[in-house]
Amino acid sequence: LAAYGEWLSQGFEPGAVERAAALCGRKGRSRFEDLQILLEKWRGQGLLTVEALSAYLSERDKLRQVAQQVLDAAGVDQRAAEADMKQVRDWLNDQPLEVLLFAAESARGKKMPLRWMDAALRAWTGQGVRDAAGAKAARDAGKNRARPQPQEAPKPAAQSYNQRSYDDQFFDSFFVDLSKGGDAPC
């Protein structure tokens, strides 16, 4: 009761505290400390009223759905996590959803689709691309661009010395031909 009274004195509406407790319960967090951590987080974000909290959670659900839509389009078989939602929010600050979905479809089948998407979206943003048609043109132009040929790695300095060349006369000096009456080595 003392903690509940403290939360109310901090400005939380009773409905916001109830909502936090219900959310913790749904996530399997039944410890009192879990509720305290969540309420402190919300207080830091200014989410003290049921109305503000409802708007925040609604926006968060929409973002989770968009992140899942992007992951599905990219062929990534996982549920949208916090990091995915943050990444999608950052991408949406620079590009509209149609470009994100086009990038996701283009990244399907790549070894690291989200990393490919991030690089492509940054490049397209830098080029001023703001729609799917422009993104397609930029992607196709990148495919047609000549790729530089890999250069041979330089030899280390320790291996860059002049090599000797040996001829038959050099190798013959190792042996004594006894049939010609030469002295045998000791």
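The expected span of a helix is taken as 1.5 Å times one less than its number of residues. In this predicted model, the 13 residues of helix H2 (residues 14-26) should therefore span 18 Å, and the end C-alpha atoms of H2 lie 19 Å apart, which agrees.

## Overall form of the chain

The secondary structure of the chain comes to 9 helices and 0 strands, so that, read from the N terminus, the elements run α-α-α-α-α-α-α-α-α. The radius of gyration of the chain is 34 Å, whereas a compact globule of 186 residues would have a value near 16 Å. Taken along the principal axes, the C-alpha atoms fill a box of roughly 115 × 50 × 25 Å. The separation between Phe32 and Asp172 can be set beside that box: these residues are 140 positions apart along the chain, and their C-alpha atoms are separated by 91 Å.

Of the 186 residues, 26% count as buried, and the accessible surface of the chain comes to about 13600 Å², with 52% of it belonging to carbon and sulfur atoms. Among the contacts with a sequence separation of 6 or more, 53% join residues that are 24 or more positions apart.

## Helix H2 and its surroundings

Which residues of H2 are buried? They are Ala16, Val17, Ala20, Leu23 and Cys24. Seen down the axis of H2, these buried residues fall within an arc of 125°, and they therefore line one face of the helix. Glu18 and Arg26, on the other side of H2, are exposed. The buried residues of H2 pack against helix H1 (2-9), helix H3 (32-44) and helix H4 (50-74). Gly28 follows H2 and has a positive phi, near 80°.

The loop between H1 and H2 contains Phe12. With a relative accessible area of 3%, Phe12 is buried, because the limit for that class is under 20%. Leaving aside neighbours within four places in sequence, Phe12 is in contact with Trp7, Val17, Leu39, Trp42, Arg43, Leu47 and Leu48. One of these partners, Leu39, is 27 residues from Phe12 in sequence, with a C-alpha to C-alpha distance of 8.8 Å.

Phe32, which is found in helix H3, is partly exposed, with a relative accessible area of 47%. Beyond its neighbours within four places in sequence, Phe32 is in contact with Ala3 and Trp7. Trp7 thus appears in the contact lists of both Phe12 and Phe32.

Arg60, found in helix H4, counts as buried at 17% relative accessibility. With neighbours within four places in sequence again set aside, Arg60 is in contact with Glu82 and Met85.

The accessibilities quoted for these residues are collected below.

| Residue | Relative accessible area | Class |
|---|---|---|
| Phe12 | 3% | buried |
| Arg60 | 17% | buried |
| Phe32 | 47% | partly exposed |

## The nonpolar cores

In soluble globular proteins, nonpolar side chains tend to be buried together. The largest nonpolar core of this chain has 27 residues, of which Val70, Val88, Trp91, Met117, Leu121 and Trp124 touch the most other members. At least two residues of this core are supplied by each of H4, helix H5 (82-94), helix H6 (97-107), helix H7 (113-126) and helix H8 (132-144). Apart from it lies another core, of 14 residues, among them Ala20, Leu35, Leu47 and Leu57. Ala20 is also one of the buried residues of H2, and Leu47 is among the contacts of Phe12.

What does Trp91 contact, once neighbours within four places in sequence are left aside? Its partners are Val70, Leu100, Leu114, Met117, Asp118 and Leu121.

## Helices H6 and H7

H6 is mostly covered, since 8 of its 11 residues are buried; these are Val99, Leu100, Leu101, Phe102, Ala103, Ala104, Ser106 and Ala107. Just after H6, Gly109 takes a positive phi of about 90°.

For H7, the 14 residues should span 20 Å at 1.5 Å a residue, and the end C-alpha atoms are 20 Å apart, which agrees. The buried residues of H7 are Pro113, Met117, Asp118, Ala120, Leu121 and Trp124, and among these Met117, Asp118 and Leu121 are in contact with Trp91. Gly128, just after H7, takes a positive phi of about 85°.

Technical notes. Residues are numbered from 1 along each chain as its sequence is written. This is a predicted model: local features need pLDDT of at least 70, side-chain atom pairs count only at pLDDT 80 or more; totals for chains, interfaces and linings use all residues. Side-chain values use heavy atoms; hydrogens and water are left out. Helices (H or I, at least four residues) and strands (E, at least two) are DSSP runs, numbered from the N terminus. Buried means under 20% relative accessible area, exposed over 50%, partly exposed in between (1.4 Å probe, protein chains only). The arc is that of the directions from the helix axis to the C-beta atoms. Contact means heavy atoms within 4.5 Å. A nonpolar core is a set of buried Ala, Val, Leu, Ile, Met, Phe, Trp, Tyr and Cys residues joined through side-chain atoms within 4.5 Å. The radius of gyration is taken over C-alpha atoms; the globule rule is 2.2 Å times the number of residues to the power 0.38. Accessible areas come from the Shrake-Rupley method with a 1.4 Å probe; for residues, only the protein chains shown count as cover.
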